[in-house]
Amino acid sequence: MKKVVKHTVYCVIGRTASGKTELVKRVAKGLGLTVLKSYTTRPMRVEEKKKGVSLDHIFISKEKAKKLLKGDVVTKTKINGHVYFATLEQLREADFYIIDPNGYESLEKHLIKESIFDIQLEPIFISAPYKTRMERYIQRGDTTEADFKKRHQSENKQFNQFELKLIIYNRTSKVYPKKPSQVQIIKNTGKLEEAVKELKNIIKTN
């Protein structure tokens with residue numbers, strides 16, 4: 001039987017303002033890797049409008065989303081009424097995919113269901129303290145502490161489950177989404193360069 005050559009996609013998971021986007025941006029640029037931009041129907045945020053581009057997403061209308069969703073979509077999620085999704089073609093061309101826990105779980109299940117064995121997902125969780133993340137969020141501009149708290153609460157359900165099940169894995173037989181030894185965890189609490197170095201090491205030793 002011919003061995004399947006697998007393409008690795010590093011799925012970077014982290015709460016709002018954990019620093020995941022800037023971290024991935026720096027590592028991808030330094031190593032010449034590609035970041036998947038998922039499609040979304042949400043409007044651009046203030047900081048994205050200032051830059052004129054987003055590392056995370058391709059912004060499209062609801063009408064265009066309906067057409068694309070009829071194709072080979074590998075993961076889809078809905079947050080605050082807006083749809084986020086990615087195609088198989090995008091996944092095969094990407095090295096990094098910034099994704100939330102629900103999206104990751106959906107993606108993993110889809111690849112198994114559709115017998116797509118040429119893609120290897122490697123989940124990496126970026127953690128940072130609540131206070132640190134709030135300060136980063138406010139520094140983005142035109143955002144307040146109240147805005148952060150609302151965003152934090154909206155993502156609590158899926159992230160609480162993700163974080164808790166990683167912590168208590170040894171007390172249960174359920175794997176979510178991988179064994180702790182298979183989920184790399186980077187604590188982005190200090191200087192960004194330290195986290196960048198850690199992420200680069202993970203990729204180089206994989």
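The exercises below, each with a worked solution, concern the aromatic pairs and the open sheet of this predicted model.

**Exercise 1.** Classify the geometry of the aromatic pair formed by phenylalanine 125 and phenylalanine 162, and state which parts of the chain the pair ties together.

*Solution.* The structure holds five aromatic pairs, and one of them joins phenylalanine 125 to phenylalanine 162 at 5.1 Å centre to centre, with 55 degrees between the planes. Rings count as paired if their centres lie within 6.5 Å, while planes under 30 degrees apart are stacked and those over 60 are edge-to-face, so the value of 55 degrees makes this pair tilted. Phenylalanine 125 belongs to strand β7 (residues 119–127) and phenylalanine 162 to helix α7 (residues 145–167), so the pair ties together parts that are 37 residues apart in sequence. Both phenylalanine 125 and phenylalanine 162 are buried.

**Exercise 2.** Determine the geometry of the pair of tyrosine 130 and phenylalanine 148, and decide for each residue whether it is buried, partly exposed or exposed.

*Solution.* The two rings lie 5.2 Å apart, centre to centre, with 70 degrees between the planes, and the pair is edge-to-face. Tyrosine 130 sits in helix α6 (residues 130–139) and phenylalanine 148 in helix α7, so that the pair links distant parts of the chain, 18 residues apart. For the exposure, buried means under 20% relative accessible area and exposed means over 50%. Tyrosine 130, with a relative accessible area of 35%, is therefore partly exposed, whereas phenylalanine 148, at 0%, counts as buried. As a last step, the cluster can be completed: Tyr130, Tyr137 and Phe148 form one aromatic cluster.

**Exercise 3.** Describe the open sheet by its strand order, its edges and the pairing of β1 with β7, and then place helices α1 and α5 against it.

*Solution.* Four strands make up the open sheet, in the order β6-β1-β7-β8 and with parallel pairing. Its edge strands are β6 (96–98) and β8 (184–187), each of which pairs on one side only, and neighbouring strands are turned against each other by 25 degrees on average, direction ignored. Within the sheet, strand β1 (residues 7–14) pairs with β7 in the parallel sense over eight bridges; isoleucine 13 has phenylalanine 125 as its bridge partner in β7, and phenylalanine 125 is also a member of the tilted pair of Exercise 1. Turning to the helices, α1 (residues 20–31) lies across β1, β6 and β7 and runs at about 170 degrees to β6. Helix α5 (residues 101–113) packs on the sheet and touches β1, β6 and β7, its direction making about 165 degrees with that of β7.

Technical notes: Residues numbered from 1 in each chain as written. Predicted model: local features only at pLDDT ≥ 70, side-chain atom pairs only at ≥ 80, totals over all residues. Heavy atoms only, no water. Phe/Tyr/Trp six-rings, centres within 6.5 Å; stacked < 30°, edge-to-face > 60°. Helix = DSSP H or I, 4+ residues; strand = E, 2+ residues; numbered from the N terminus. Buried < 20%, exposed > 50% of the residue type's maximum accessible area, 1.4 Å probe, protein only. Pairing = 2+ DSSP bridges. Axes fitted to C-alpha atoms, helices over the stretch in contact; angles between N-to-C directions. Contact = heavy atoms within 4.5 Å.
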